[in-house]
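User: Please take a close look at a single helix in this model and describe how it packs.

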Amino acid sequence: MSACQDQEELLTLHATGALEPEDEARVRAHLESCAACRAEAEAQREVLGLAALPPASAREQALLAALPRTTADAWLSTQLRQAARMRTAGALMAVAAAVLLVLGPMVQRRVAPLAPPDELELSTGPEEETPSELEQWALSDPLAEALDPAEEQLEQLEDDAEPSDSELEDFLSYPHAGESL
């Protein structure tokens, strides 16, 4: 006799212990009434029993029970170390910025070369500042030079624009588009 086809999958899950409680109750009720399915379920339990792992030792059970706690502890200690590193790095950067703000102007004055007194020019009044190259570049209009042709170029264009007499005669003597050559 073979097991009921609609129960085969449920019997396999029953043998492994992977059924939900309501499905488990339904399969047990069916097993009480069907001898073929009962024999099939027993055969599957035997086969799965051969492949089953031995029960865990007391040490393995203790390790499994402590695993969530040790994992959480390891994660927490890693997070605390990272936070301490970040605080330390932030504090060091703040100290470095403060030192640069305080010592920066003093170091800049010492590093800047001083001109000898005989080369110093005494100014008699306010001088106009000459614009730097960057300012000149920013204020310049690069398209103006490209779009404004020089006067010589304009004269040359005007001379080229006037057709010569020979060009006019060639144009007028050329056969019209509808005529054959």
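Analyst: The answer below concerns helix H1 and its surroundings.

The model is predicted: local features need pLDDT of at least 70, side-chain atom pairs count only at pLDDT 80 or more, and totals for chains, interfaces and linings use all residues. Residues are numbered from 1 along each chain as its sequence is written, and side-chain values use heavy atoms, with hydrogens and water left out.

The protein has eight helices and zero strands (DSSP runs, H or I of at least four residues for helices, E of at least two for strands, numbered from the N terminus). Buried residues (under 20% relative accessible area, 1.4 Å probe, protein chains only) make up 10% of its 181 residues.

H1 spans residues 8-16, and its buried residues are Leu10, Leu11, His14 and Ala15. Seen down the axis of H1, they fall within an arc of 140° (directions from the helix axis to the C-beta atoms), so they line one face of the helix. Their cover includes helix H2 (21-33) and helix H3 (35-51).

H1 and H3 pack at about 45°, with axes 9 Å apart (lines fitted to C-alpha atoms over the stretch in contact, angles from 0 to 180 degrees between N-to-C directions). The two helices are therefore oblique to each other (neither under 35 degrees, over 145, nor 65 to 115). Contact (heavy atoms within 4.5 Å) is made by Leu11, Thr12, His14, Ala15 and Thr16 of H1 with Cys37, Glu40, Ala41, Gln44, Arg45 and Leu48 of H3.

After H1 comes Gly17, with a positive phi near 80°.

Notes: Buried < 20%, exposed > 50% of the residue type's maximum accessible area, 1.4 Å probe, protein only.
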